[in-house]
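Reader: I should like to learn how to read the features of a protein model. May we go through one case together, step by step?

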Amino acid sequence: MKKTISRRTVLQGAVALSVLPQLLRAQEAVPPNRTFDPKPGAWRNFEVTTTVQLLDAPADATVWVPVPAVNTRWQRSLTNETSTSAARTSIETDAKSGAHFVVAEFKSGQASELEVVSRVQTMSRGVDWHAPANSADNETAATLKRWVQPTALVPTDGIVRKTALQITKGAHTDIDKVHRIYDWIIVSTYREPKTRGCGLGDIKWLLETGDLGGKCADINGLFVGLCRAAGVPARDAYGLRLAPSAFGYKELGSNSASLKGAQHCRSEVYLQRYGWVAMDPADVDKVMRQETTEWIKDAGHPLVVPVRKALFGGWEGNWMAYNNAVDVTLPGATGGPLPFLMYPQAQSGAKHYDAYDPDNFKYTITAREIKAA
């Protein structure tokens with residue numbers, strides 16, 4: 001199954017949609033010894049430590065470190081503590097996006113060191129499709145309006161809307177629309193390991209160029225944009241992998257002793273009968289591209305099917321979200337809003353540190369799971 005797709009195919013939707021029946025039929029091809037089946041249950045407790053040491057700061061410097069601020073049925077953001085040589089430190093919130101972050105200001109010539117320790121509780125997610133539970137999220141038409149609006153990199157008109165309508169033609173319920181978009185994403189997009197960081201998430205560019213390769217911010221961003229354009233509330237959750245997967249998938253977890261490069265965004269959709277439901281088609285693409293030395297191009301492959309099924313409605317609790325924020329404005333930063341915030345940021349005078357280069361930026365992230373006594 002070819003993973004790249006032309007612009008004409010994107011617009012017409014014919015090739016991608018024609019393979020969906022065989023993708024769905026492949027669900028029975030799972031060998032009994034390969035599973036990926038996260039279920040809600042006990043809370044897991046994590047302590048996440050981010051340490052920043054600026055190198056070669058030419059002037060006064062500022063560091064911004066995201067901290068978890070999501071409190072839901074599957075995550076509790078508890079405390080944040082700082083230890084630093086900074087002249088001033090605070091925990092602030094971007095009023096527009098809702099992102100929370102530590103701000104540390106350093107004077108020129110002083111040691112620029114910052115440690116942020118965040119404590120969170122996480123839980124695996126999964127949907128019982130036979131037991132609607134939308135009342136638990138307490139959403140209204142007014143609160144959901146935010147999650148169908150366009151953003152700077154996720155428009156909902158033009159080619160995005162045209163593609164969404166092609167994919168969902170004939171679908172009448174929100175769950176049917178989302179399922180079609182989820183399957184289309186898996187069939188049509190692909191993981192591109194050479195993409196820096198988590199990608200940019202410029203979904204109009206992806207569709208206009210027909211180059212549907214990228215990483216989680218690209219792939220899940222496209223999923224969110226298509227859902228919104230189809231009238232279904234959707235959002236990305238920007239976060240961090242904290243621990244290995246309990247199911248043996250190396251690409252669906254992280255080495256907690258070093259979380260450089262462990263940033264990962266996931267998605268949620270709001271379904272009328274179920275409330276906010278977990279989604280992660282980007283991780284399906286990741287398993288297909290990187291779980292083995294061979295690029296798996298068949299979404300019905302036995303290694304892929306358990307992941308594809310589970311990530312439509314669930315995810316594993318070895319990951320935490322920082323926020324659902326986009327177009328984030330950092331106080332005192334130059335260069336305009338960030339498309340999202342899940343990496344430490346820093347600048348000194350006119351120098352902007354590269355958040356995707358933690359060795360030269362100089363920051364480390366680690367996680368420690370605290371087991372119940």
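Author: Let us begin with a sheet: an open sheet of four strands has the order E3-E6-E1-E18, and its pairing is antiparallel. The edge strands are strand E3 (75–84) and strand E18 (363–370), each of which pairs on one side only. Neighbouring strands of this sheet are turned by 15° against each other on average, direction ignored; such axes are lines fitted to C-alpha atoms, for helices over the stretch in contact, and angles run from 0 to 180 degrees between N-to-C directions. This is a predicted model, in which local features need pLDDT of at least 70 and side-chain atom pairs count only at pLDDT 80 or more, while totals for chains, interfaces and linings use all residues. Residues are numbered from 1 along each chain as its sequence is written, and side-chain values use heavy atoms, with hydrogens and water left out.

Reader: How do strands of a sheet pair?

Author: Strands of a sheet pair through backbone hydrogen bonds, in either a parallel or an antiparallel manner. Two strands count as paired if DSSP finds at least two bridges between them. The elements themselves are DSSP runs numbered from the N terminus: helices (H or I) have at least four residues and strands (E) at least two. Here, E3 and strand E6 (residues 113–122) run antiparallel and are joined by nine bridges. One bridge places Gln-75 with its partner Thr-122 in E6.

Reader: Which strands form the open sheet of five strands, and in what order?

Author: Its order is E4-E5-E2-E16-E17, again with antiparallel pairing. Strand E4 (88–93) and strand E17 (351–352) are the edge strands, each pairing on one side only. E2 pairs with strand E5 (residues 100–106) in the antiparallel sense over six bridges, and with strand E16 (residues 345–348), also antiparallel, over four bridges. Trp-64 illustrates both pairings: it stands opposite Val-103 in E5 and opposite Gln-345 in E16. Val-63 has Ala-346 as its bridge partner in E16.

Reader: Is E2 enclosed or exposed, and why?

Author: The general idea is relative accessible area: buried means under 20%, exposed over 50%, and partly exposed in between (1.4 Å probe, protein chains only). Six of the six residues of E2 are buried, so this strand is largely enclosed by the rest of the structure. Ala-61, Val-63 and Val-65 point one way from E2, whereas Thr-62, Trp-64 and Pro-66 point the other way, and all are buried.

Reader: How may one check the span of helix H8?

Author: The expected span of a helix is 1.5 Å times one less than its number of residues. For H8, with 14 residues, this gives 20 Å; the end C-alpha atoms are 19 Å apart, which agrees. H8 is mostly covered, as 14 of its 14 residues are buried. Just after H8, Gly-231 takes a positive phi of about 90°.

Reader: What is a cavity, and how many cavities of 30 Å³ or more are there?

Author: On a 1 Å grid over the protein atoms alone, a cavity is a set of points where a 1.4 Å probe fits but cannot get out, and lining residues have an atom within 4 Å of a point. Grid points are joined across faces, edges and corners, and a volume is the space filled by probe spheres set on the points. By this rule there are two cavities of 30 Å³ or more. The largest holds about 170 Å³ of space. Its lining has 19 residues, of which Thr-151, Val-154, Asp-236, Tyr-238 and Val-326 lie nearest its centre. Helix H8 (216–229), strand E9 (234–241), strand E14 (326–328) and strand E15 (338–340) are the elements giving two or more residues to this lining. H8 supplies the largest share, four residues.

Reader: What is the lining of the second largest cavity made of?

Author: Eight of its residues are nonpolar, two are polar and none is charged. In this scheme Ala, Val, Leu, Ile, Met, Phe, Trp, Tyr, Cys and Pro count as nonpolar, Asp, Glu, Lys and Arg as charged, and the others, Gly among them, as polar. This cavity holds about 40 Å³ of space. Strand E1 (44–53), strand E2 (61–66), E6 and strand E13 (319–323) each supply at least two residues of its lining.

How values were computed: On a 1 Å grid over the protein atoms alone, a cavity is a set of points where a 1.4 Å probe fits but cannot get out, and a pocket is an open set with protein on both sides within 12 Å along at least five of seven lines; lining residues have an atom within 4 Å of a point.
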